[in-house]
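This report goes through one structural model, starting from its ligand and working outward to the fold and to single residues.

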Amino acid sequence: MPDVEHIIGLLLGTEDDWPRAFEALVKRLGPVKDGAGRTHGIETKRVTIEPFDLRDKPRHSLVIDRLAHWYYHPREWLKKVALMDDVYLLNSPFTFQSMEKHAAYCAMIRLGLKVPGTVLVPYKHPVENSRWAYTAARYNQPFDLDEVAERLGYPLFMKPYDGGAWVGVSKIDNADELHAAYDTSGERLMHLQQAVEGYDVFARSLSIGPETMVMKFRPELPMHERYAVSHNFLGAGPGMEVVTISQLVNAFFRWEFNSCECLVRGDEVYPIDYANACPDVSLTSLHYYFPWAMTALLRWSVFCVVTGRKPRLDLDTARYFEVAARDDLSYGDKLARYQALADEYFETERYQDFCASRLGMVDEMVHDWVTSPDFDELLVDTVKGTYPEAEHEMFVSHFRGLIAAWIHDRTH
Ligand SMILES: Nc1ncnc2c1ncn2[C@@H]1O[C@H](COP(=O)(O)OP(=O)(O)OP(=O)(O)O)[C@@H](O)[C@H]1O
Ligand SMILES: [Mg+2]
């Protein structure tokens with residue numbers, strides 16, 4: 001019997017691929033010893049939805065949430081267990097609910113990042129509220145949409161302030177397209193944002209705790225081909241900058257499982273989207289990078305529960321803003337300081353030491369699992385659940401090939 005037992009809760013919607021992967025890895029891992037020599041047993045449990053008393057004690061030490069951004073009953077449960085019981089959350093609705101894409105732009109602009117020029121325009125259609133007509137008549141300023149767009153300059157993007165999954169995103173090249181897009185925006189609140197044109201690389205990174213994987217992304221291709229298997233596609237400078245931006249955003253907002261999109265042109269890095277409460281980690285999107293993502297999720301959640309890392313509900317914005325306000329620091333100096341703040345928040349050094357001393361066997365364990373029939377069964381089931389029957393064979397061999405490439409790269 002382990003000295004301490006932990007339950008990692010999985011709050012899920014329709015996904016089954018990565019949860020099965022994560023469950024399999026936690027099972028294979030077995031008990032973990034902490035620095036004091038105590039053994040920690042770790043178990044996963046899928047969270048079910050039912051009435052809960054506000055005074056109930058949860059059994060979970062940590063919950064990985066993939067549901068609360070649209071399902072509010074479990075969202076309120078997450079808040080309750082965070083506030084009352086210190087349950088560790090990836091991610092916390094306290095910051096994800098209040099800080100949308102819009103707030104993330106604002107904060108990062110203040111920190112000096114090269115967010116393209118962005119304007120928030122009022123709703124096209126009246127807001128559903130009996131007080132709207134009076135309020136709008138009194139306070140809504142008439143505005144010239146063309147003039148706003150011209151000030152930003154074409155081409156631009158119109159996209160929801162709280163976006164996700166490209167819904168309502170359109171590229172706008174002229175005034176006609178601008179009006180057509182605005183007219184159809186309806187009750188959606190929209191940003192107009194300068195397009196970053198002629199970029200060399202679309203870098204999409206996935207971060208879990210202090211770990212970041214920067215991947216080359218090709219948004220114009222179908223989903224299963226968007227993440228290219230490519231290494232060293234960024235120079236050292238922009239490569240580090242993308243990592244720093246990803247970790248800075250996460251440390252600043254206390255988001256610990258998030259993806260970040262940066263467009264890189266020459267040596268300039270333009271962050272365009274970095275608030276994804278539920279980043280895509282499906283096997284069919286990440287393929288080659290899927291074992292990395294599962295390893296990072298395992299390591300970070302085990303680190304959090306075994307070391308008893310305390311969740312932080314408060315933000316620590318002042319320390320970041322102090323750096324931002326310093327005239328004597330260059331952009332590069334500021335990035336270095338932001339990275340240091342992020343490392344402090346994520347306890348990066350302690351985490352790395354923990355991984356080396358307590359989880360040294362994980363790489364080999366993941367390798368064993370990825371080369372096992374269990375993994376292949378997961379791959380086949382996922383393909384069957386994702387694509388029409390006529391495409392099963394093609395996709396099974398496609399993804400097997402990418403996984404074989406990962407295995408090859410690990411062992412050579
Ligand atoms: N300022 C910009 N310059 C160039 N391309 C952009 C810009 N903004 C958005 N795009 C393009 O539009 C796509 C969708 O925009 P964005 O990421 O902001 O929306 P989203 O709904 O959050 O998408 P997702 O959920 O896939 O992240 C981006 O992946 C990129 O290809
Ligand atoms: Mg995006």
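## Surroundings of ligand 1

In this predicted model, 19 residues surround ligand 1, and those that come nearest are Gly163, Ala195, Val196, Pro219 and Asp273. Four elements give two or more residues each to this shell: β7 (156-160), β9 (190-194), β13 (257-265) and β14 (268-273). By class, the shell holds 11 nonpolar, 5 polar and 3 charged residues.

The position of ligand 1 can also be described in terms of domains. Residues of the shell come from both domain 2 (117-194) and domain 3 (201-276 + 310-346), so ligand 1 lies between these two domains.

## Domains and the contact of domains 1 and 3

The domain assignment divides the chain into four parts: domain 1 (4-96), domain 2 (117-194), domain 3 (201-276 + 310-346) and domain 4 (363-411). Taken over C-alpha atoms, the centres of domain 1 and domain 3 are 26 Å apart. Their contact takes 10 residues from domain 1 and 9 residues from domain 3.

On the side of domain 1 that touches domain 3, β5 (88-90) and α3 (93-96) are the elements that give two or more residues. This side of domain 1 is made up of 6 nonpolar, 3 polar and 1 charged residues.

## Overall fold

The chain contains 17 helices and 14 strands. Its radius of gyration is 23 Å, close to the 22 Å that the globule rule gives for 412 residues, so the chain is as compact as a globular protein of that length. The C-alpha trace spans about 70 × 50 × 50 Å along its principal axes.

Buried residues make up 36% of the 412 residues of the chain. Of the contacts between residues at least 6 apart in sequence, 72% join residues at least 24 apart.

## The five-stranded sheet

Strands of a sheet pair through backbone hydrogen bonds, either parallel or antiparallel. Here, an open sheet of 5 strands has the order β12-β11-β10-β13-β14, and its pairing is antiparallel. At the edges are β12 (227-228) and β14, each of which pairs on one side only. Strands β13 and β14 are also among the elements that give two or more residues to the shell around ligand 1.

Within this sheet, β10 has β11 and β13 as its neighbours in the strand order. Strand β10 (residues 201-208) has 7 of its 8 residues buried, so β10 is largely enclosed by the rest of the structure. The antiparallel pair of β10 and β13 is joined by 8 bridges, and that of β10 and β11 (residues 211-217) by 6 bridges. Arg204 has a bridge partner in each of these strands: Glu261 in β13 and Met215 in β11. A hairpin is formed by β10 and β11, with 2 residues between them, and Gly209 in the turn has a positive phi of about 55 degrees.

On the other side of β11, 2 bridges join it to β12, again in antiparallel fashion. Lys216 has Ala228 as its bridge partner in β12.

## Two buried helix residues

Which residues does Asp17 contact beyond its neighbours within four places in sequence? They are Ser282, Leu283, Leu378 and Thr382. Asp17 belongs to helix α1 (residues 17-29). Residues with 20 or more C-beta neighbours within 10 Å count as buried, and Asp17, with 21 inside 10 Å, is therefore classed as buried. Asp17 and Leu283 are 266 residues apart in sequence, yet their C-alpha atoms are 6.5 Å apart in space.

Val383 is placed in helix α16 (residues 373-386). With 23 C-beta neighbours inside 10 Å, Val383 counts as buried too. Leaving aside its neighbours within four places in sequence, Val383 is in contact with His392, Phe395, Val396 and Phe399. Val383 and Arg75 are 308 residues apart in sequence, and the distance between their C-alpha atoms is 30 Å.

Technical notes: Residues are numbered from 1 along each chain as its sequence is written. Chains are lettered from A and ligands numbered from 1 in the order in which they are written. This is a predicted model: local features need pLDDT of at least 70, side-chain atom pairs count only at pLDDT 80 or more; totals for chains, interfaces and linings use all residues. The radius of gyration is taken over C-alpha atoms; the globule rule is 2.2 Å times the number of residues to the power 0.38. A residue is buried if 20 or more other C-beta atoms lie within 10 Å of its own, exposed if 12 or fewer, and partly exposed in between; C-beta atoms are placed from the backbone. Two residues are in contact if their C-beta atoms, placed from the backbone, lie within 7 Å. A residue is near a molecule or strand if its C-beta atom, placed from the backbone, lies within 6 Å of it. Ala, Val, Leu, Ile, Met, Phe, Trp, Tyr, Cys and Pro count as nonpolar, Asp, Glu, Lys and Arg as charged, and the others, Gly among them, as polar. Domain bounds come from an automatic or database domain assignment. Two strands pair if DSSP finds at least two bridges between them.
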